[in-house]
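Thanks for coming. I have one structure to go through today, and I will take it region by region. Please have it open while I talk.

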Amino acid sequence: MEEKDHRALLNQGEENELEVFGYQTQSLRRAICLTASVLTCGVLLLVFYWRPQWRVWATCIPCPLQEADTVLLRTTDEFQRYIRKKVIYLYLSTLKFPISKNPEEPLVADRHSVINHAILKPELKLRCIQVQKIRYVWDNLEKRFQKVGLLEDSHSCYDIHHMFGLGLTHEEREVRRLVCGPNAIEVEIQPIWKLLIKQVLNPFYVFQAFTLTLWMSQGYIEYSVAIIILSVISIVLTVYDLRQQSVKLHNLVEDHNKVQVTITVKGKGEQELESRLLVPGDALILPGKCSLPCDALLIDGSCVVNEGMLTGESIPVTKMPLPHMENTMPWKSHSSEDYRKHVLFCGTEVIQVKPTGQGPVRAVVLRTGYNTAKGDLVRSILYPRPLNFKLYSDAFKFIVFLACIGVVGFFYALGVYMYHRVSLRHTVAMALLLFTGTVPPVLPAALTTGIMYAQKRLKKKKIYCISPQRINMCGQINLVCFDKTGTLTEDGLDLWGTVPTADNCFQEVHSFASGRALPWGPLCAAMASCHSLILLDGTIQGDPLDLKMFEGTNWIMEDCNVDYCKFRTSDSNIIIKPGPKASRSPVEAITILRQFPFSSSLQRMSVVAGLAGEDHFHVYMKGAPEMLAKFCRSETVPRNFPQELRNYTMQGFRVIALAHKTLSLGKLSEVDSLSREKVESELTFLGLLIMANRLKKETKPVLKELREACIRTVMITGDNLQTAITVAKNSEMIPQGNQVILVEANEPEEFVPASVTWQLVENQENGPGKNETYINIGNSSVLPEEQGNCYHFAMSGKSYQVLFQHFNSLLPKILVNGTIFARMSPGQKSSLVEEFQKLNYYVGMCGDGANDCGALKMAHAGISLSEQEASVASPFTSKTANIECVPHLIKEGRAALVSSFGVFKYLTMYGIIQFIGASLLYWQLQLFGNYQYIVQDIAITLMVCLTNVFSFLLITALGLTVFIMFSDFQAIYRRMEFIPTTTSWRVSILVAALIQFCVAFFVEDAILQNRELWLLIKNKLGFCSKSQYRNWQRKLAEDPTWPPTNRTDYSGDSQNGFYINQGYESPEQIPKGKLQQGGQTTEQHFWTRL
C-alpha cells in the first residue's frame, strides 16, 4: 500500500486544513480491546475517549482510503489534534423514483459535479464522512474526499445561467438533497446529562474522583465531602454556562431554518417550500424583503442587502447580476476580487429588489447549510481555533513536574512504611495518598478566577467577550493595529470643498463653508448620481461618505413615477432632481440606470446615468485619485495632479476624484449588456472632492498611553497613503521629530526586475502655524547615529504585495519599523497581521468591522467597534465606538494574567509545602488531621484563590492560625486531631513563619519583581530575547546602512532573496548574470527610472 493511498488532505490550503488517514476495523483487535476494557474496569475505554487516535491504532489496520471504514483526521496546525470518524454509506435506492444504473448516464445535469463521481453504479451508493458539520463524499475519479453542499467554483458564467438558471428537475433535486443534506444550520441544545458526562470525564475530575475515593477509604470523610461539594458546584456552574451558550446559539440560528422560499422547478414552474429543502443549483426567486437562508448567486435583476451580520455595518450594499459571458473562465475569475458583488450571503437581509426585465429577481443557490457564510461563522464558535498560550503550556509542564515529585514521594512513602513493617495494603494506600497530595484540588478553578473577574469588569465598561481564554492573552499584547476611518478618526466626514478642472488645469476651489450652492456641471452631476444610496421608506440610506457627498449637491431623491415615463426608465430606477436650495440646472432629473458598485480591492465605483431630455447616456465615476487617473484620458488630467493631491492629503483631508464620459447607445436595453471594462475607460477627469477627516478626541491620549507602555501602534487603512501619514502625525502615532520613509515597490516589467524605492519624508514650515509635509527626493539622508529607532516605514497595499512576493527576505526588516500601511485590501490586512505574528508579536487589531473581519479573527485579540452581530467574528466587541477600549482590555488582560500567575505560584508552593510537611510526618508514621486539611484547602487556600480580597483573607488566616496555636482550647485540639506542643515550640514555629514571610516578601519585591535588576543581569550575562522581532531590532541597530533612504533597489535571484542597488553599484560589482539580464535596454531603463 502506497502512502498516497492511505493519506490525503481535506480543505487543502484553507484555515481548517486536515490530514485524513484510512483504516479498516479488525474484529480480532476489537475483541482484544473489549476484553482489556472489561479487565481494567473501563480504564482503557476512558483512555480511548481521551486519545481517539489510540483507539483507531489499537482496533484498526492502515488501508487505502478507498477501502476504509474508519478515518482518522489530524489538524495540520501546531497542535496536531486527532478526530475519529466512521465512514457512512448513503443509498439512492431509498428515493421514491427509478434511477438509472447506467455508468455512462449522469445522475445530475452537471457532468463535472462531484456527485456524479461519488455514486457507485450499479449499487447506487456513496461513501461519506461528516466532519465539523461539513459533509465530504468519496470522489471515485479523483480518489479523495470532497466537500458537498456547494456548487463547484469551476463553473463559468455561461454554465451558471444555462445549467441552473431555469431550475433543477424534481429528480435531480431529490438526489442532491440526499447527498448534500438539509439546508439547515442546526445547533443542538446539548442535553444536561451529556454535558455532565463530558465534564465528569475530564482527566482532572477523573483524577480527583480517584483521589477522593482513596482519601475517604482512609477516614478523611469531612474533607472529602467538602472537596466533593466544591467539585459539584464547579461542574454545575460549568454545565449551566455551557447550556446557556448552547441555548443562545440555538436561538440565534433557529429562525434560519424556518424560512418559506419560492423556487423554479424545471418543467413544473414555481414551487413554495421550506428553506431547509433547498439544494445547491436551485433557482431561487427573491420577492422583496426577506432573510436569505443560503448563499446565492444573483443571475437576474439587482437588489440591495444589509450585510450587517457579516461586516458589522448596517450600510445597504447593492448586488449586481452575474453577467452573461460566453467564455469558459470560472465565474469567480471573471469578477476577480470583486466576485462578492454577485453573491447574496446567508443571514443577510434583502431590503430592496430591482427587476431588470419582465421577470422577478432570481438567484442560483450557491452554498447550503454550514457551507454558507453564516454557517462558517457558527462553526467558528462551535469549533474555535485553539490558543497556543505560553502560560497554559508552562502550567501543564509544572503540573507534570509536581506529578514527578509525587512519584518520588510515592516511593519514599513505600520505603518508610516498609521499613516499619506496616501491612502492604496500608503501605500502598499511604504511598498513593502522598502521591495525590502534590496537585492541589482547586487548581483548575483558581486559574480561571482572574479571567472571571476581568470579564465582569470589562462588561461594566461595555466590552463584551465571546472567548474568555483570550483575556489572559491580551496581557501580552505588544503591538496594536488600528483601522483609520471610524476607528482613529470620526466615521462621518465633513465636506470641505471641490476642486474642478477645465482645460487640463485645476480651477478655483469651491468651498462648502461659503454657503454657496455647488454650480451645475458634470462635477455636480457626478456627485449627485455616482453613489449607491437607496430610498427606503422615504429615507435616503447608504454609505455615510456617499450620503455626505450627495447632500453637498442639494439635490433630492424620489421614487420613479409616471411623470418620467417619457425618460425611458423602469419602475425600479430612482429619480434624482434638483432641490429647492440647489443651483439652477438645465437638467430636470437624472436617473441611475446601471451601477458598478464600489469595492475595497478596485478602489472605485461607476454608474451609467441618463439626463432628462437627452438621447445619450453618461458614465460617472468616483474613487481613489491615483486609481481613477489611470482610467482617464491623459490630456484631461492636470499636469500638477500629483502635487495638488499631495497638498490636500498631507493636510489630512480625505480626497476623492471624479470623472465622466458620454456613451452613444441607441437603446436603453444596451445598458444592461455593458461590461465594466468598457464603461470605465477613456473618461474625462472632472476634479477632486475634498472632505475633512477629524480625529476622535480619545485617539491622541490613548495612543500616548500605549506608547508610554512600550506597546507599538500601527495603522492599517484603505485610505490614501499621504492622508494616513498626516493622521499618524496629528495623532502622534509618529511622534514629533521622527522620520518617515516611504517604501514604494513595483512589479517586475518586461526587462526590469521588481524594484523597491525608499524616499525620505521631511517636515517643512509652510506659512505661519502650519506644518505641512512634502516628499524630499534629493540626496539628503539621515545620519546613522541620529537614526536609532526614530524612523517609520510607510507603504501602500500594492507595495506590500510586491514586497511579499519578490522581497520576502526584506519584509521582516521593514515590518519591525513599519507603522503606516495604506490602501490595504481586507486580504492584505489579514496577511499583514499574520506576518507580524510570525515575528513573535502578540497582535491586537481594532477596527469598525467593515473590511476588518479577517484581520480581527487572525489577531490574538480582535476588538470590533461595531454593535452588529458581525462582532461574532471578533473575540471582543466594544459598544463604545472609540479606541479607549484598547488600554482597558490590555489592563484587564494584564490583571488577569498576573492573577492567574500569582494564584498558580501560590497553589504550587502550597502543594509543595504540604507535600514536605506530610513527608516529615510520614517519617513518624503520622498524617495531617481531617480538619487540618479542611482549614488548609478550603478555609484558607480556596477563599484566597477564588476571591479578590487577597490581603484581608491572608490577615484573617494569620489571625486564625495564631488563635489556634496559642488558645490552648483542648476541645478544639481534640476535634481537629492536633497534638499540643510546648509554648516555646509554638513561638519558634511562629517566628520561623514570620521570618519566612519576610524573606519571601523581600525576594518577591526586591528581586523577582525588580525589573532594573533583571535588565542589569541580562545585560551583564548577555541574555537576549529570542523573539524574532527583537533579533531583527538588534541586527538592524548594528547595520550602518539601515534604514535605506533615497535610493532604489532591484530584486535579483528570487530563490535566495538577493537584491541589488543598481543605482549605487558599479557594473563590476554586480554579478554578470544580473547585469546581462536585460542587456543595454535594461541599463538605460534603470537610469531613466532613477
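**Walking through the model**

Before anything else: what you are looking at is a predicted model. I will start with strands, go on to helices, and finish with backbone details and aromatic side chains.

Take strand β21, residues 479-482. Which of its faces are covered? Both: Leu479 and Cys481 on one side are buried, and so are Val480 and Phe482 on the other. As a reminder, in a regular strand the side chains alternate between the two faces of the sheet. For the neighbours of β21, look at β34, residues 712-716, which runs parallel to it and is joined to it by 4 bridges. Within that pairing, cysteine 481 has valine 714 as its bridge partner. Strand β40 also runs parallel to β21, again with 4 bridges. There, valine 480 has glycine 844 as its bridge partner.

Next, a sheet with antiparallel pairing. This one is open, has 4 strands, and reads β13-β18-β15-β16 in order. The strands at the edges are β13, at 290-291, and β16, at 316-319; each has a single partner strand, so one side of each lacks a neighbour in the sheet. Moving inward, β15 (residues 302-306) and β18 (residues 349-354) run antiparallel and are joined by 5 bridges. If you want a position to find by eye, cysteine 303 stands opposite valine 353 of β18.

Now the helices. In α20, residues 544-551, the buried residues are Leu545, Asp546, Met549 and Phe550. Looking down the axis of α20, you find those buried residues within an arc of 130°, so they line one face of the helix.

Helix α19 supplies serine 529. Buried or exposed? Serine 529 is buried, at a relative accessible area of 0%. Its C-alpha atom is separated by 7.5 Å from that of isoleucine 576, and the two residues are 47 residues apart along the chain.

On the surface there is a nonpolar patch formed by Met216, Ile221, Val225, Ile228, Ile229, Val232, Ile233, Val236 and Leu237. Together these residues have about 740 Å² of accessible area. Where does the largest share of the patch come from? Helix α10, residues 221-254, contributes 8 residues. One member in that helix is isoleucine 221, which is partly exposed at a relative accessible area of 39%.

On to the backbone. The loop between α5 (114-118) and β7 (125-131) contains proline 122. The peptide bond leading from lysine 121 into proline 122 is cis, with omega near 5°. Leucine 124 is found in the loop between α5 and β7 too. Leucine 124 is not a glycine, yet its phi is positive, about 55°. As for its surroundings, leucine 124 is buried, with a relative accessible area of 6%.

A second cis peptide bond to look at is the one between tryptophan 1042 and proline 1043, with omega about 5°. Proline 1043 sits in the loop between α37 (1028-1037) and β43 (1047-1051).

Asparagine 840 also has a positive phi, near 70°, and is likewise a residue other than glycine. You will find asparagine 840 in the loop between α29 (826-838) and β40 (843-847). Asparagine 840 is partly exposed, with a relative accessible area of 33%.

Last, the aromatics. How many aromatic pairs does a search of the whole structure find? The count is 21. One of them is tryptophan 520 with tryptophan 555, a stacked pair at 5.6 Å centre to centre, with 20° between the planes. This pair links distant parts of the chain, since its members are 35 residues apart: tryptophan 520 lies in the loop between β24 (510-511) and α19 (522-529), while tryptophan 555 lies in strand β27, residues 555-559. Tryptophan 520 counts as partly exposed, at 25% relative accessibility, whereas tryptophan 555 counts as buried, at 5%.

There is also an aromatic cluster, made of Trp758, Tyr791, Phe793 and Trp1042. Trp1042 came up a moment ago, as the residue joined to proline 1043 by a cis peptide bond.

That is the end of the walk. I will take questions now.

Note on methods: Residues are numbered from 1 along each chain as its sequence is written. This is a predicted model: local features need pLDDT of at least 70, side-chain atom pairs count only at pLDDT 80 or more; totals for chains, interfaces and linings use all residues. Side-chain values use heavy atoms; hydrogens and water are left out. Buried means under 20% relative accessible area, exposed over 50%, partly exposed in between (1.4 Å probe, protein chains only). Helices (H or I, at least four residues) and strands (E, at least two) are DSSP runs, numbered from the N terminus. The arc is that of the directions from the helix axis to the C-beta atoms. Patches are made of residues with over 30% relative accessible area and no salt bridge: like charges are joined within 9 Å, nonpolar side chains (Val, Leu, Ile, Met, Phe, Trp, Tyr) within 5 Å. Accessible areas come from the Shrake-Rupley method with a 1.4 Å probe; for residues, only the protein chains shown count as cover. A salt bridge is a side-chain nitrogen of Lys or Arg within 4 Å of a carboxyl oxygen of Asp or Glu. Two strands pair if DSSP finds at least two bridges between them. Rings of Phe, Tyr and Trp (its six-membered ring) pair if their centres lie within 6.5 Å; planes under 30 degrees apart count as stacked, over 60 as edge-to-face and the rest as tilted.
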